[in-house]
Amino acid sequence: MTFQATGASRREILASVTAAGLTLNFAIAAKAGAQAAGVGALNAFVRVAPDGVVTIMSKNPEIGQGILTSLPMMIAEELDVDWKNVRIEQAPNDPKLYGRQFAGGSLSTPMNWDELRRVGAVARLMLVQAAAQAWNCAPGDCSTEPGNVVHKSGKKRSYGSLALACANIPAPDPKTVTLKDPKAYRIIGKATPQYDTVKIVTGQPLFGIDVKRPGMLYATYAKAPVFGAKVASADLDAAKAVKGVKKAFLVEGTTNLTGLMPGVAVVGDTWWAAKKGRDKAAITWAEHPTGKQSSKAFNARAKELAAGPPQRTARNDGDVEAALKASAKTVEAAYSYPFLHHAPLEPMNTTAEFKDGKLEIWSPTQNPEPGRQLCAQVMKIKPEDITVHMVRCGGGFGRRLSNDYMVEAAWIARETGAPVKLLWTREDDIQHGVYRPAGYHFFRGGVDDKGNLSAWHDHFVTFGEGTAPAGSAGMSATEFPSRFVPNFKMDVSMMPLGVPTGPLRAPGSNALAFVHQSFIDELAHAAGADPLAFQITLLGDQPAVGQAPSVYNAARMVGVLKAVGEMSGWGKTKLPAGEGMGVACYYSHQGYFAEVCHVAVSAAGDVKIKKMWVAADVGRQIVNPHGAMNQVQGAALEGLSHALHQQITIADGHVEQSNFFDYPLLRINEAPPVEVKFVMTDYPPTGLGEPALPPAIPALTNAIFAASGKRVRSLPITKAMLKA
Amino acid sequence: MSYTLNVNGKALSADVDGDTPLLWTLRDALGIRGPKFGCGVAACGACTVHVDGQPQRSCQLPTSAVGAAKISTIEGMAAHPIGKKVQAAWMELDVAQCGYCQPGQIMSATALLAKNPKPTDADIDKAMAGNLCRCATYTRIRAAIKRASGQKEA
């Protein structure tokens, strides 16, 4: 499977979990590979050196979510070693050995939690068996303590002295091994600094942009502002005349907007030389069919579509029209949100080297295997002749699920005949993103005379063609409050789009939480109810509705709502005029989150966010509390950044923004304290990269309403919207 | 043309055009890759270095304008009495997520503490607002600065 062009749905990703399970046996049987003298490779994940140092492979890309540390923690726990003796290496991209290797969907924890503990447990059992053979006793007479096998008589053998002997011991079936009682955990659940922290803090070369190869040159690549437009003319000689420029050439490219687009490559002995050459090339671009599209036209078309009959009805429960007529109060509201860009701080880059028919790539990618397949397909090379090394990513947020920059680097390196590091400018990055799609929701809702939400109608206007939404522009018919409102109708209309779109951290959810949780808040106020109590009543007391992966466990959501209410002093805090608290909750990526925001809004319309509270339920175990807290705080603050600042607009077919002065992100002076509580429930542990983000946005906009009486129905929030 | 720069106490020579921003001379010509490229327009702070002790965005400083100024980068902070403390606080609190902006954050924080050993929250906001953290590790950045300055971490 691939989510190259449009991003995979959660369902597709979850389906691949089963497939990944099959590879575990390969990983465990594989003892070959990098073996230094005396080092025993117990399987594809674990090597033990004679001095007891254990090297553990981390299978997935590190993008700042902390997986380089937390996945090996799972193996180390069951292997029973001291964390201080663990060394971590990024695993090679090898899906046959390691299964799906990607960073997306907050899935690294749920997809690997069971398997990687079993990898560790299998290796531990093999060490026990090796000791039993050496002692000529039954394995049952042996146990382990960190780094040693211990015989019941008290004698010990270090793992380092046993590892080589494991070469002759068959790996036990991972399904049959017994896993530790969580009460005995020494590593999982302990706050553990991330493995690279010293290197990060001392500025050591770690990231894609830092890769160096002997004889390496530096490249820039200019593409049309209108997505996919071809080069009309370019003064390549002028580019080549710049000191240090080695090559300048056209790339014909393809029509895939997340693949190799047409453009002009300039290669130099420093990146600055290459960039100067590019600036001299006076490139002009051909006309393109999408050269007239604009955000203004999309907005106007959305209103037209909303006024007419929907193109299709995705869900129709009960009788919405009758229920609206019978409602004690009704509310009508039009919501919208803009395109967004990821803007990871490390601009897109990749280093590539093509030699003797083989392509070697060092890439900060969230999705290495689809990148390899893309390079193979575009360059007509066999995938087995391509090696992709995963390099630490300076942020990902979904942008690096697409590998456009990887295939560009590969193409330019082959064309150049030398190792090349391609690096985008920030302007390249902001104007050639894979954007969170804009969207429009035209709501009507009603509450009955008891104050309950009785009717909900959404005409969702989005992008797509035929019945297929553009990347990350769809909405599930089970999207909350679907299934919780007796009369519920979801209509959908679509318009075509020539802008590449795809997953941005908590895709879908990062927009839908805003509109749904805001409109629920509007209905709570219409009913004269406390917004938090209204949410709890709406959720009711059913334990769970639906089937995986669209199950919704209302009891877990009620749990976090109650917790965040207590944390924030909801309903008990007397606030001065101009201040208010808002609440929102949202289920995404298998996590249940409720958040409260406290704001002050001035008469001039300035917003000061004073504090955020987050209650999170991701199951029974936090693998690394240190990283978990950082993820939740960062995701909540990113939500505030979306709401306060971020917007991509299209005019004349191209993105109008170009750098951080017109695409601003949240800064430290705007970042409130974020208090986090993990509510522990007896469910399998799930991921934390994403689910804290979505409810932060409506918690803020609902707080703004409480503080000022101004209802925010489109993002980003502007001062003009809130002026008294 | 060849420029000799004083970087982290060493004289280093680079053969680059004079208009080359210091950032690229450090990274591509001298192999000093701690300072990071984020925006190229002094809007993110990832490339922050010290020029005679003052924090500056190296993406905006032409190599020809550096002259005899003393340049310090993140690689030189282990030998800087305040920089060392700031790095230690960053490690103790494990501030980073992706880590890409952190060299720039540490350079700005070190320059702040050199001028103002006990900064208030408002001082921190003012000195650090030029350094973006896309992962939004601001809570820990603030706490680490407080810790490095021996103040209570709120």
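1. A good place to start is the interface: 56 residues of chain A and 54 residues of chain B make up the contact. Please keep in mind that this is a predicted model. Putting the two chains together buries about 4600 Å², and carbon and sulfur atoms account for 57% of that area. On the chain A side, A:Val201, A:Leu345 and A:Ile668 lose the most area to chain B, together 17% of what that side buries.

2. Now for the polar side of the interface. There are six salt bridges between chain A and chain B. One of them pairs B:Asp17 with A:Lys276, with 2.9 Å between the closest N and O atoms. In addition, 30 residue pairs are in polar contact across the interface.

3. Which helix gives the most to the side of chain A that touches chain B? That is H17(A), with eight residues. Helices H6 (197–201), H8 (271–280) and H13 (426–431) of chain A each supply at least two residues as well. By type, this side of chain A divides into 28 nonpolar, 18 polar and 10 charged residues.

4. Two peptide bonds in chain A deserve a look. A:Phe480 and A:Pro481 are joined by a cis bond with omega about 10°, and A:Pro481 sits in the loop between strands E21 and E22. The bond from A:Leu715 to A:Pro716 is also cis, with omega near -5°; A:Pro716 is in the loop between helices H18 and H19.

5. Lastly, check two positive phi values. A:Ala506, in the loop between E22 and H14, has phi near 60° and is buried at 0% relative accessible area. A:His589, between strands E23 and E24, has phi near 55° and is buried at 5%.

Note on methods:
Residues are numbered from 1 along each chain as its sequence is written. Chains are lettered from A and ligands numbered from 1 in the order in which they are written. This is a predicted model: local features need pLDDT of at least 70, side-chain atom pairs count only at pLDDT 80 or more; totals for chains, interfaces and linings use all residues. Side-chain values use heavy atoms; hydrogens and water are left out. Contact means heavy atoms within 4.5 Å. Buried area is the accessible area (1.4 Å probe) that two parts lose on being put together, summed over both. A salt bridge is a side-chain nitrogen of Lys or Arg within 4 Å of a carboxyl oxygen of Asp or Glu. A polar contact is a pair of N or O atoms within 3.5 Å; within protein, one must be able to donate a hydrogen and the other to accept it, and residues adjacent in sequence count only if both atoms are side-chain atoms. Helices (H or I, at least four residues) and strands (E, at least two) are DSSP runs, numbered from the N terminus. Ala, Val, Leu, Ile, Met, Phe, Trp, Tyr, Cys and Pro count as nonpolar, Asp, Glu, Lys and Arg as charged, and the others, Gly among them, as polar. Buried means under 20% relative accessible area, exposed over 50%, partly exposed in between (1.4 Å probe, protein chains only).
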